[in-house]
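Hi,

Here is the structure I promised to pass on. Have a look at it first, and then read on for what turned up.

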Number of protein chains: 2
Amino acid sequence: MSEFKIGPLNHVGVAVPDLEAACETYRSLYGATDITTPFDMPDQGVKVCFVNLPNAQIELIEPLNAESPIANFITKNPKGGQHHVCFEVRDIDEAVVEMGKRGATVLGKPRIGAHGTMIVFVHPKDSNGVLIELMETPVGAH
Amino acid sequence: MSEFKIGPLNHVGVAVPDLEAACETYRSLYGATDITTPFDMPDQGVKVCFVNLPNAQIELIEPLNAESPIANFITKNPKGGQHHVCFEVRDIDEAVVEMGKRGATVLGKPRIGAHGTMIVFVHPKDSNGVLIELMETPVGAH
């Protein structure tokens with residue numbers, strides 16, 4: 001079997017109904033000083049920004065419209081909530097092949113994620129109910 | 001206002017119905033090689049262990065009994081799910097005072113957590129539906 005393994009915990013994805021309000025919470029309640037400027041990802045139906053912590057990030061995600069993949073999540077959790085956990089991997093194609101061999105359900109094909117590298121999601125049923133994102137480590141990181 | 005702020009993301013807490021099975025998932029599916037030996041925390045009603053990643057941890061938590069504070073969570077989420085996010089703080093008493101001043105609902109008094117340092121939880125309503133644990137940075141860490 002390949003020695004494929006996950007690397008660092010890159011970020012925790014938190015779905016929120018209002019991105020600006022969520023940024024303000026991290027600023028005013030938790031003293032976060034390094035929050036990236038929000039940007040739209042129309043292909044994914046979301047608007048995102050990152051709260052940079054010394055070792056990892058909180059990804060804040062707001063649905064762009066009612067068809068957004070996270071619109072249902074916000075309907076069920078109107079205040080927002082933890083949506084996914086993202087681990088870095090060295091090579092996304094190796095990750096997809098290995099996760100398949102190991103019996104996991106990879107959701108769709110790899111695509112460009114919010115950090116500009118390839119990502120893919122693994123079904124929550126495979127990982128104790130937690131939606132896992134696998135993301136190629138950005139070049140130059142770590 | 002105090003300059004209180006959160007430090008690193010220490011861990012993501014994942015509630016699971018079966019700790020051994022969850023460890024095996026991280027080993028066999030994600031290639032995790034460094035998982036701590038599970039131990040009971042009877043005062044908290046939980047059994048826990050940690051999946052050590054290069055920069056942070058996944059805390060796996062199984063309810064010890066039906067009275068466990070996470071027993072309800074497992075009833076609602078039989079496969080398990082993301083339970084909390086833990087940020088490190090320098091001083092737990094400063095954190096409690098400041099969070100109170102800033103309008104957050106701190107749940108109970110600080111107590112010893114699974115890392116042997118003082119912890120406290122902040123109500124999910126204050127942070128986009130996410131239960132936040134604040135934990136004093138262990139001496140010698142980082």
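A definition before anything else: helices (H or I, at least four residues) and strands (E, at least two) are DSSP runs, numbered from the N terminus. With that in hand, start at helix α1 (residues 19-28) of chain B: Arg27(B) and Glu24(B) are 3 residues apart in this helix, so about one helical turn separates them.

Some housekeeping. This is a predicted model, where local features need pLDDT of at least 70 and side-chain atom pairs count only at pLDDT 80 or more, while totals for chains, interfaces and linings use all residues. Residues are numbered from 1 along each chain as its sequence is written, chains are lettered from A and ligands numbered from 1 in the order in which they are written, and side-chain values use heavy atoms, with hydrogens and water left out.

**Salt bridges**

Back to that pair in α1: the side chains of Arg27(B) and Glu24(B) form a salt bridge, at 3.3 Å from N to O. (By salt bridge I mean a side-chain nitrogen of Lys or Arg within 4 Å of a carboxyl oxygen of Asp or Glu.) Arg27(B) is partly exposed at 39% relative accessible area, and Glu24(B) is partly exposed at 39% relative accessibility. The cut-offs are under 20% relative accessible area for buried, over 50% for exposed, and partly exposed in between (1.4 Å probe, protein chains only).

Over all chains there are 8 salt bridges. One of them, in chain B, links Arg90(B) to Glu94(B), with the closest N and O atoms 3.3 Å apart. Here Arg90(B) is exposed at 70%, and Glu94(B) is partly exposed at 22%. Elsewhere, salt bridges that share partners tie Glu98(A), Lys101(A) and Arg102(A) into one network. Within it, Glu98(A) and Lys101(A) meet at 3.5 Å, N to O. Both sit in helix α3 (residues 92-101) of chain A, 3 residues apart, or about one turn of the helix. Is Glu98(A) buried or exposed? Glu98(A) counts as buried, at 5% relative accessibility, whereas Lys101(A) is exposed at 63%.

**The sheet in chain A**

Chain A has an open sheet of 8 strands with mixed pairing, in the order β2-β3-β4-β1-β5-β8-β7-β6. β2 (39-41) and β6 (106-112) stand at the edges with a single partner strand each, so one side of each has no neighbour in the sheet. On average, neighbouring strands are turned by 25 degrees against each other, direction ignored; axes here are lines fitted to C-alpha atoms, for helices over the stretch in contact, and angles run from 0 to 180 degrees between N-to-C directions.

At one edge, β6(A) pairs with β7 (residues 118-122) in the antiparallel sense over 4 bridges. Two strands count as paired if DSSP finds at least two bridges between them. The bridge partner of Ile112(A) in β7(A) is Met118(A).

**The two copies**

How does chain B relate to chain A? Chain B can be laid on chain A with an RMSD of 0.0 Å, by a turn of 180 degrees and a shift of 0.0 Å along the axis. The two copies are thus related as by a two-fold rotation axis. (The superposition is by least squares on the C-alpha atoms of residues with pLDDT of at least 70 in both.) The copies meet through the same surface, because 100% of the interface residues of chain B are also interface residues in chain A; contact means heavy atoms within 4.5 Å.

Cheers
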